[in-house]
Amino acid sequence: MSTLKALIFDVDGTLADTERNGHRVAFNRAFDDAGLGWHWSPALYGKLLAVTGGKERIRFYLEQFNLEFVKPDDFDGFVAGLHAAKTRFYTELMAQGEIPLRPGVERLITEARRAGYRLAISTTTTPENVTALVTNTLGVAALDWFEVIGAGDVVPSKKPAPDIYDYVLKEMKLTPSEAIAFEDSRNGVLSSLAANLTTVITVNDYTAEDDFSGAAIVLDQMGEPDAPFTLLAGDAHGQQHLNIALVEALHRSGNG
Ligand code: XBP
Ligand code: MG
């Protein structure tokens, strides 16, 4: 059995509930700014989350939900420009500090650092968005807590492909059995499991009905000592909030 050495965190939906009031709002601002007259409602956005990556999501929207739109000649450039504007609006929103970390995230990260675990991030979102979220919630120094920030287009295939987890593990010179992943969605768990990582799930409103087969545990949130999680699937090993003892127990069970 390998010793646990690192915790690898997904970002959107796992560290913070960024999709509905962050990414979605930023996409809509970019659409308004470009005078497109498109609007992604919370319900439509839930359907669009089937596809990871903002540029990929815009294309998916046009293919499935807005077939009347006449694509400009330089369609790739059009999507890239729209997405760059969306990233600017998103990082501005993060700077306003309106999206907090989810319950238990900062505590678990602090416990993990104290216990000497290595930390990393594995996400499909754009690197600037990770920087904005981390600096506006944990502070600018926290960027150095994460040894590797695997994000966006650094790999050719986004989640559910395993590529971003494979990339992070390779950068850290770790085998999958030496790390554990934290995810919130079906596409996320497909990616982490395909990279052979034991995976902890905390669901959110957009992912509560997802299929999390193969995850080590499914929780409604990480929770705090005075605000326990609800166990949705798996074995909580007698714990009521996601602490390092539970993370270690889940890793042992997953790698026994
Ligand atoms: C979530 C995503 C991202 C964001 C949008 O990724 O799918 O595409 O919704 O970000 P994860 P970009 O949960 O893996 O962090 O527009 O920058 O792609
Ligand atoms: Mg996610």
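## A walk around ligand 1

Select ligand 1 and His83 to begin: a side-chain N or O atom of His83 sits 2.7 Å from an oxygen atom of the ligand. Keep in mind as you click around that this is a predicted model.

Now add Thr124. Its side chain also brings an N or O atom to 2.7 Å from an oxygen of ligand 1. Asp12 is the next pick, and here you want the backbone displayed: one of its polar backbone atoms is 3.0 Å from a ligand oxygen. How much of ligand 1 does the protein bury? Taken alone, the ligand exposes 450 Å², and 96% of that is buried by the protein. If you switch on a pocket display, look for ligand 1 in the largest pocket.

Widen the selection to the whole shell. There are 19 residues around ligand 1, and those that come nearest are Gly54, Arg57, His83, Thr123 and Thr126. Colour the shell by residue class and you should get three nonpolar, ten polar and six charged residues.

Switch to cartoon next. Which helices each supply at least two residues of the shell? They are H1 (19-33), H3 (54-64) and H4 (75-95). H1 gives the most, with three residues.

Then colour by domain, with domain 1 as 6-17 plus 100-254 and domain 2 as 19-95. Why does ligand 1 lie between them? Both domains give residues to its shell, so the ligand ends up between the two.

Two backbone stops remain. Go to Lys159 and Pro160, which are joined by a cis peptide bond with omega at about 15°. Pro160 belongs to the loop that links strand E3 (146-150) and helix H7 (163-172).

Last, select Asn196. This residue is not a glycine, yet its phi is positive, at about 65°. To place Asn196 in the fold, find the loop between helix H8 (186-194) and strand E5 (198-202).

Terms used
Residues numbered from 1 in each chain as written. Chains lettered and ligands numbered in written order. Predicted model: local features only at pLDDT ≥ 70, side-chain atom pairs only at ≥ 80, totals over all residues. Heavy atoms only, no water. Near = heavy atom within 4 Å. Polar contact = N/O pair within 3.5 Å; in protein donor to acceptor, adjacent residues only side chain to side chain. Areas by Shrake-Rupley, 256 points an atom, 1.4 Å probe, with all protein chains shown as cover. 1 Å grid on protein atoms, 1.4 Å probe; cavity = no way out; pocket = protein on both sides within 12 Å on 5 of 7 lines; lining within 4 Å. Sits in = over half its atoms within 2 Å of the grid points. Helix = DSSP H or I, 4+ residues; strand = E, 2+ residues; numbered from the N terminus. Nonpolar A, V, L, I, M, F, W, Y, C, P; charged D, E, K, R; others polar. Domains from an automatic or database assignment.
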